[in-house]
Amino acid sequence: MLLINKNEKVGRNDPCPCGSGLKYKKCCLGKANTGHTNLKEIYFKKHKIRLKGNKDIEGIKKAGRVALATLDLVETEIRPGISTEKINTLVHEFTVKNNAISAPLNYRGFPKSVCVSINEVICHGIPGERVIKNGDIVNVDVTPILNGYYADVSKTFLVGKPGPNARKIVKVANGSLKRGMSMVLPGNTVGDIGWAIQSYAEGEGCSVVREFVGHGVGFDFHEPPQVPHYGRKGEGIVLVPGMVFTIEPMINLGKSHLRVLKDNWTAVTADGSLSAQFEQTVLVTEEGYESLTPYDV
């Protein structure tokens with residue numbers, strides 16, 4: 001999703017972002033901690049964010065289990081010599097077998113059921129004839145729809161015997177996701193997530209892609225809010241229980257700049273450097289967060 005940057009700086013004594021006219025600490029911060037019944041209405045009116053209830057969360061979890069099982073299957077099959085088209089076939093057939101639908105297929109004209117992004121490809125790699133080679137890093141991004149609910153998850157796999165640069169960028173991308181998720185709790189902001197990721201990745205000598213961001217998910221493929229993987233502490237929308245969104249930092253070994261190929265989908269690093277990504281769908285809970293597509297980071 002392309003980023004539209006609309007930052008809001010919110011302190012405890014600042015006006016609440018819901019528009020009530022009260023100080024934040026007297027309004028939504030308190031409501032976030034008490035489960036105020038009007039919070040759904042407030043966040044939809046102010047931000048177009050649809051908070052999820054227990055039934056919705058369970059539906060997203062079930063879709064998430066299909067998504068994780070899909071990645072597990074890919075992990076057993078991915079190796080030097082396999083084509084990205086073969087991965088697409090595996091994902092599509094497994095998704096159908098589990099009574100789900102691949103959300104990427106025909107989404108805004110995307111022609112395949114999964115995104116497969118190798119080495120310098122940042123995201124939205126279209127499966128085809130390209131063959132995976134020894135030492136490649138390969139991101140596989142899946143989004144099944146199960147009973148109307150969406151779950152979005154990706155991993156970057158190391159294939160064969162990768163070199164030190166490949167190992168480094170995969171490690172930093174994984175660590176970026178871990179640090180971003182650690183900032184998810186009621187009262188924190190979207191900017192806190194981006195700040196944690198940016199601080200870590202740049203501290204490791206890498207860069208953060210800015211043109212693509214995390215996003216709300218669950219009822220649809222892409223929902224508000226947008227979740228940039230860079231930012232400042234205390235800025236952006238305040239997190240409240242019931243929010244479900246992806247955190248999916250795309251980290252480059254070189255500069256952050258990118259270009260999109262003639263297919264209008266495949267985004268690659270402008271300098272040809274390696275890029276890696278990890279993604280999970282997370283729920284803001286009363287105490288912190290829960291991953292609805294959990295795997296170890």
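**Exercises on a predicted model**

In helix 5, the buried residues (under 20% relative accessible area, 1.4 Å probe, protein chains only) are Ala166, Ile169, Val170, Val172, Ala173, Asn174, Gly175, Ser176, Leu177, Gly180 and Met181. This is a predicted model: local features need pLDDT of at least 70, side-chain atom pairs count only at pLDDT 80 or more, and totals for chains, interfaces and linings use all residues. Residues are numbered from 1 along each chain as its sequence is written, and side-chain values use heavy atoms, without hydrogens and water.

**Exercise 1.** Compare the reach of helix 5 with its expected span.

*Solution.* Helix 5 covers residues 164-181, 18 residues in total. The expected span is 1.5 Å times one less than the number of residues. That gives 26 Å. From first C-alpha to last, helix 5 reaches 26 Å, close to expectation.

**Exercise 2.** Find how the two faces of strand 2 are covered.

*Solution.* Take residues 115-118. In a regular strand, side chains alternate between the two faces of the sheet. Cys115 and Ser117 lie on one side, Val116 and Ile118 on the other. All four are buried. Next, look for the partner: strand 4 (residues 137-142) runs antiparallel to strand 2, joined by four bridges. Strands pair if DSSP finds at least two bridges between them. Cys115 has Asp141 of strand 4 as its bridge partner.

**Exercise 3.** Place Glu211 and state its exposure.

*Solution.* Glu211 sits in the loop between strand 8 (207-208) and strand 9 (214-216). Its relative accessible area is 33%. Partly exposed runs between the buried limit and the exposed one, over 50%, so Glu211 is partly exposed. Finally, Glu211 and Leu258 are 47 residues apart in sequence, yet 8.4 Å apart in space, C-alpha to C-alpha.
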